[in-house]
Amino acid sequence: MTAAEENLFRRRLSQCDARNRFTPSIPSEDVRAFEALAFELHYIQQANAQGAYMLTDAGVAARRTLIMQDEQRAREEALQAQVESFRQQLIQVQRQSADALERASQELAEYKAQQQAYHALQEQSHAETRRKDLRQGWIQFSVSIFFTVIAVVLGAYLDFDQALLETIFQLLHG
């Protein structure tokens, strides 16, 4: 049976009633082609007085087979639709995951850049503090040396008493 014949057969058999009777509404080329095919395959019996054809046992079996095939096709299409839906959901989840991963990567890069800038600023601040401390240390050391030399020179050339020298040293070191 060709695909066209099968489609015709399906359309016409779908019009059968619960008692497996088929009454063509308007004799047309479709109906005549169906009648010829059904008679050739021994699927229908001659029309009764009301113009209804009765399906033979082979016709009933063919109808059941077509119904089962239609149900199978419907199940396969439903399954295919579910697979496609799942595939679309999977693609969407993959895209969302990729987007989330990209955002997390960008946030990590921004965080690292902020941390590097913060550490550079801290390093610069520590270097500045070390320079200030060193400068202040040299100033204090120079002033101490200067006043010590002054005190020794004054003590050697002038006759100061011991209490004055001790006061000067306490002022310088304390």
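Student: How many salt bridges does the count come to?

Tutor: Happy to start there, with the reminder that this is a predicted model. The criterion is a Lys or Arg side-chain nitrogen within 4 Å of a carboxyl oxygen of Asp or Glu. D70 with R73 meets it, E84 with R87 meets it, and R131 with E128 meets it too. By this rule the count is three.

Student: What is the N to O distance in the salt bridge of D70 and R73?

Tutor: Look first at helix α3, which covers residues 57-157. D70 and R73 sit three residues apart in that helix, so about one helical turn separates them. Their side chains meet in a salt bridge, with an N to O distance of 3.4 Å.

Student: Are D70 and R73 buried, partly exposed or exposed?

Tutor: The middle class runs between 20% and 50% relative accessible area. D70 has 34%, and R73 has 37%. Because both values fall between those limits, D70 and R73 are each classed as partly exposed.

Student: Which residue forms a salt bridge with E84, and at what distance?

Tutor: The partner lies three residues away in helix α3, about one helical turn from E84. E84 itself is partly exposed, at 31% relative accessible area, and its partner is partly exposed at 39%. The side chains meet at 2.8 Å, N to O, and the partner is R87.

Student: How far apart are N and O in the salt bridge of R131 and E128?

Tutor: Here again helix α3 holds both residues, with R131 and E128 three residues apart, about one turn of the helix. R131 is partly exposed at 44% relative accessibility, and E128 is partly exposed at 31%. Their side chains meet in a salt bridge with an N to O distance of 2.5 Å.

Student: On to the rings: how many aromatic pairs does the search of the whole structure find, and what is the geometry of W138 and F141?

Tutor: The search of the whole structure finds two aromatic pairs. For W138 and F141, the ring centres are 6.0 Å apart and the planes stand at 85°. An angle over 60 degrees is the cut-off to apply, so the pair of W138 and F141 is edge-to-face.

Student: Where do W138 and F141 lie, and which exposure class does W138 fall in?

Tutor: W138 and F141 both lie in helix α3, three residues apart, about one turn of the helix. F141 has a relative accessible area of 48%, which makes it partly exposed. W138 has 54%, and since the exposed class begins over 50%, W138 counts as exposed.

Student: What kind of pair do the rings of F146 and F147 make?

Tutor: The ring centres of F146 and F147 are 5.5 Å apart, and their planes are at 65°. F147 is partly exposed, at 35% relative accessibility. With that plane angle, the pair of F146 and F147 is edge-to-face.

Student: Which residues make the nonpolar surface patch, and about what area does the patch have?

Tutor: Two of its members have come up already, W138 and F141. F141 is found in helix α3. The patch is made by L134, W138, F141, I145, V149 and V153, and its area is about 600 Å².

Student: Is A151 buried or exposed, and how far is its C-alpha atom from that of E166?

Tutor: A151 is found in helix α3. Its relative accessible area is 3%, and anything under 20% is classed as buried, so A151 is buried. A151 and E166 are 15 residues apart along the chain, and their C-alpha atoms are separated by 9.7 Å.

Student: How many helices and strands are there, and in what pattern?

Tutor: The chain has four helices and two strands. Of its 174 residues, 17% count as buried. Read along the sequence, the pattern is α-β-α-β-α-α.

Student: Where in the chain is confidence lowest, and where is it highest?

Tutor: The chain has a mean pLDDT of 80, and 64% of its residues reach 70 or more. Where pLDDT is low, the predicted coordinates should not be read in detail. Confidence is lowest in strand β1 (residues 21-22), at a mean of 63, and highest in α3, at 90.

Definitions and conventions:
Residues are numbered from 1 along each chain as its sequence is written. Side-chain values use heavy atoms; hydrogens and water are left out. Buried means under 20% relative accessible area, exposed over 50%, partly exposed in between (1.4 Å probe, protein chains only). Rings of Phe, Tyr and Trp (its six-membered ring) pair if their centres lie within 6.5 Å; planes under 30 degrees apart count as stacked, over 60 as edge-to-face and the rest as tilted. Patches are made of residues with over 30% relative accessible area and no salt bridge: like charges are joined within 9 Å, nonpolar side chains (Val, Leu, Ile, Met, Phe, Trp, Tyr) within 5 Å. Accessible areas come from the Shrake-Rupley method with a 1.4 Å probe; for residues, only the protein chains shown count as cover. pLDDT is the predictor's confidence in each residue, from 0 to 100.
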